[in-house]
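Please examine the sequence and the three-dimensional structure shown here before reading on. The explanation that accompanies them proceeds step by step.

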Amino acid sequence: MMTQTRYKTAFTLYPYKKVEAQSRIDHHPVVIVGGGPIGLGTALDLGKRGTPVLVLDDHEGPGRGSKAICFSKRALDICHRLGAAAPMVEKGVVWNVGRVFYDDGQIFEFNLLPEDGHRHPAFINLQQPYFEQFLFEAIEEAQKAGAPIEIRGGNAVTNIATHDIYTRIDIDTPDGPYQLDADWLIACDGAKSPIRTMLGLDFEGRVFEDNFLIADVKMKADFPTERWFWFEPPFAEAQSALLHKQPDDIWRIDFQLGWEIDREKELDPDNIRARVDAMLSSQSGEIPDYELDWTSIYTFQCRRMKEFRHGRVLFAGDSAHQVSPFGARGANSGMQDAENLAWKLHYVLTGQAPEALLDSYSTERVYGADENILNSTRATDFLTPKSDMSKIFRNAVLDLARDHAFARAFVNSGRLSVPCVYDGFPHFGEDELDGPTVTRPGSACTDAPVKNGFLLDNLGSDFTLLALGGAAPDPLEIEGITVKTLHIATPSAGLTTRYLGDASKAVYLIRPDQHVVARWPYFDAGKIATALRRALGKD
Amino acid sequence: MSITLIPNIADPDGFYDELLAAHDGLSKEESDALNARLILILANHVGDREILDQALRAAQNSGMAAT
């Protein structure tokens, strides 16, 4: 039986190939279901650490359409650690100027001047298929260097049977079905996650739906590289509209249509063109030449699974949580799931951490998901006021924003994704340094300039002791783990601002996913050992 | 710091007059919008989240007592 085609692919990355394993039941330490950005990112992170990983995908490449288009600095930092970011930044579009329109006119504009001393911009616009392609190419590079990663396209999971310490997976292929066993199964199979359904699990929390018409428009015209956002545009019978530049002369246009819509009518190319014409000519009065590259209607929900770990099955990305598109919190938060999960699973599989450490993947990323859902719900409430009075206030904000800077702070068309800080979570340690809040325990390490480039390049993918000022600490061996030492005797101004503040020296213990575990004003091997034990879930 | 709930405006009758006059001739919709803008401007001027919370609670409590 042929595997079913659920969507058109943009291009082929991992074509189906018959493998010998289809004639027997093989055993794998880690199987990832879903070769999207989160599945590929998790596979790359695990494989580069040396953990064998098999990715199954029922298609042979990324789905057609731009889908996720905005990748945040943190996602790029993660990809950089995995060796995939350079082509993303090279291909991606960086924008700084945003304009906000209300009714028929601009109410204000802003310029997001980038902060100095980071390798990556705050975000880039890049079509999701490219993001997946660059991750896939990094996987090919890693494979050449010996990383035990295998991807099987055209392999559809049709059933799973969970047991205490493994999961048996039924797979369908163009050459018929076969089975394999996985010690650990990671479900990166998207919002409609078949794995979630097979386990009889569901989302919980606030359900929130809206319909969005997306039109990717190819336009050679000289249109500015800016983000335009409309509240109540007079031209398109939409509640909001967004225009965003992508690579390859593609512009993403989103129209928020509301609840009750006639999908077929809305997807009629003539109707889409009428909307796009009105939007593109709204400022200049002229309709530029363009072609429709891809159109779609999608609905979204803001909710998550109660827990992301179910025994030996782990959920990451959209399979575990969903948010509205405003704020770029979907794929970006999924990449943070990937980095959180990969090192923990690797440490558990190599016997360096107890299995219970994986519970912290769920608690930490559930917290991250809740923060994203909160932000995304707030943006959605601003975009679609739910009562007469909320609409009165929303419009009052927009009217005031035309004249007064203070009101612009209330205007919420999505707060761009920044990583959550795991404040007070049990696997993080003490904050004895009277240091900057941006680098407190629980936070993802922020970048800063160092002599040979950027700090994050030097942190790597293992536990690291970052010592600023003072004397170089001796290398540490704790719990059989060699803690790499990075000593910077004379920190740059940027590094001082972000990691020292008024302190003259500091010692940071940093996790393999580049999060701060604990920090002190001095070196104390005993305290470092205690913090490391906590980070590994051994206390 | 605590919110001021004792008389604090030098000319209460004059201000009250001005507040009502601002609504003269407005439709219900225009008046609602004006009130909303005024609340946002005043709230921003206050700024202090603690005071704003106390103001919200004071407004809620008095409304509850009246019904």
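The paragraphs below treat chain A, then chain B, and then the contact between the two chains.

The model is a predicted one. Chain A is divided into three parts: domain 1, which is assembled from the segments 1-16, 24-88, 116-205 and 302-420, domain 2 (210-300) and domain 3 (437-535). Measuring over C-alpha atoms is the basis for the next value: the centres of domain 1 and domain 3 of chain A are separated by 28 Å.

These two domains of chain A also touch, with 14 residues of domain 1 in contact with 13 residues of domain 3. On the side of domain 1 that faces this contact, the elements giving two or more residues are helix 2 (73-81) and helix 8 (331-349) of chain A. Helix 2 of chain A supplies the largest share, four residues. By class, this side of domain 1 of chain A holds seven charged, five polar and two nonpolar residues.

Chain B contains three helices and zero strands, so that its elements, read from the N terminus, follow the order α-α-α. The C-alpha trace of chain B spans about 40 × 30 × 25 Å along its principal axes. Its radius of gyration is 14 Å, whereas a compact globule of 67 residues would have a value near 11 Å. How many of the 67 residues of chain B count as buried? The share is 1%.

Finally, the two chains meet: six residues of chain B are in contact with nine residues of chain A. The side of chain B that touches chain A consists of three nonpolar, two charged and one polar residue.

Methods: Residues numbered from 1 in each chain as written. Chains lettered and ligands numbered in written order. Predicted model: local features only at pLDDT ≥ 70, side-chain atom pairs only at ≥ 80, totals over all residues. Contact = placed C-beta atoms within 7 Å. Nonpolar A, V, L, I, M, F, W, Y, C, P; charged D, E, K, R; others polar. Domains from an automatic or database assignment. Rg over C-alpha atoms; globule rule 2.2 N^0.38 Å. Buried ≥ 20, exposed ≤ 12 C-beta atoms within 10 Å, placed from the backbone.
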